[in-house]
Amino acid sequence: AAALQYDVVLPTPQYPTIMRITNHVTSGSQASYPSFREFQVVGPDRTWDAQATDVRVPDLCTGTQSVTATIRNGGRNAWDSVLVGWQVNGVTQSNTWLRQRITAGSSVSVTLGSFNFSTGGDYVVRAFATRPNNIRDSSAANDTFRKIVRIRLQPNTTSVVNQTQCG
């Protein structure tokens with residue numbers, strides 16, 4: 001006899017990692033001896049989940065700019081530290097331990113450092129967060145946030161009248 005196959009689409013749960021589906025069969029010849037079919041569906045473990053969810057550059061003109069990121073605790077446990085780092089155009093700028101209590105579901109803004117956007121054009125800025133409480137991140141797929149930042153050249157100040165373009 002061919003085995004039956006069922007495809008079930010389940011919504012992604014926020015926290016449960018294990019769900020059981022039980023089928024109790026009590027018909028026909030099995031009425032006196034119930035048969036149980038048990039399936040285990042295992043989802044992502046989000047116990048320790050650090051996420052970078054945004055990158056910001058306050059002024060989109062050439063020059064040295066402060067770069068900040070939003071770091072989110074997407075896990076079930078609060079942490080007291082997380083490794084945070086960033087890159088511009090694939091070049092690592094710095095990695096540092098953020099030592100701050102972040103409760104489950106909360107986010108904090110972190111100043112990553114400064115970068116000299118010396119020429120106009122597009123810059124790829126990445127921020128990452130990993131190793132909450134110096135423990136392996138449960139869901140590494142959401143550790144990094146990538147943003148393309150378009151930097152404008154500083155205007156020629158003799159041609160700008162009563163208009164702020166940068167700064």
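Contact here means that heavy atoms lie within 4.5 Å of each other. The structure is a predicted model, and its chain averages a pLDDT of 80. Two open sheets are described below, one of three strands in the order 3-4-7 and one of four strands in the order 6-5-8-9. A loop residue, threonine 62, is then taken up by its place and its contacts.

**Confidence**

- Of the residues in the chain, 65% score a pLDDT of at least 70.
- Strand 5 has the highest mean pLDDT among the elements of the chain, at 97.
- The lowest mean, 52, belongs to strand 2, which covers residues 35–42.
- Where pLDDT is low, the predicted coordinates should not be read in detail.

**The three-strand sheet**

- Strands 3, 4 and 7 make up this open sheet, and their pairing is antiparallel.
- Strand 3 (50–56) and strand 7 (107–117) stand at the edges with a single partner strand each, so one side of each has no neighbour in the sheet.
- From one strand to the next, the twist averages 25°.
- Strand 4 spans residues 63–73 and is joined to strand 3 by six bridges, the two running antiparallel.
- Arginine 56 has threonine 68 of strand 4 standing opposite.

**The four-strand sheet**

- Antiparallel pairing also holds together the open sheet with the order 6-5-8-9.
- Its edges are strand 6 (91–98) and strand 9 (144–151), each of which pairs on one side only.
- The twist in this sheet averages 20° from one strand to the next.
- Six bridges link strand 5 (residues 82–88) with strand 8 (residues 121–130) in the antiparallel sense.
- Phenylalanine 128 in strand 8 stands opposite glycine 85.

**Threonine 62**

- Threonine 62 sits in the loop that runs between strand 3 and strand 4.
- With a relative accessible area of 12%, threonine 62 counts as buried because this value falls under the 20% cut-off.
- Leaving aside residues up to four places away in sequence, threonine 62 touches Phe117, Ser118, Thr119 and Gly120, and also Ile151, Arg152, Leu153 and Gln154.
- Among these contacts, Phe117 belongs to the range of strand 7 (107–117), and Ile151 to that of strand 9 (144–151).
- Glutamine 154 is 92 residues away from threonine 62 in sequence, but the two C-alpha atoms are 5.9 Å apart in space.

Definitions and conventions. Residues are numbered from 1 along each chain as its sequence is written. This is a predicted model: local features need pLDDT of at least 70, side-chain atom pairs count only at pLDDT 80 or more; totals for chains, interfaces and linings use all residues. Side-chain values use heavy atoms; hydrogens and water are left out. Two strands pair if DSSP finds at least two bridges between them. Axes are lines fitted to C-alpha atoms, for helices over the stretch in contact, and angles run from 0 to 180 degrees between N-to-C directions. pLDDT is the predictor's confidence in each residue, from 0 to 100. Buried means under 20% relative accessible area, exposed over 50%, partly exposed in between (1.4 Å probe, protein chains only).
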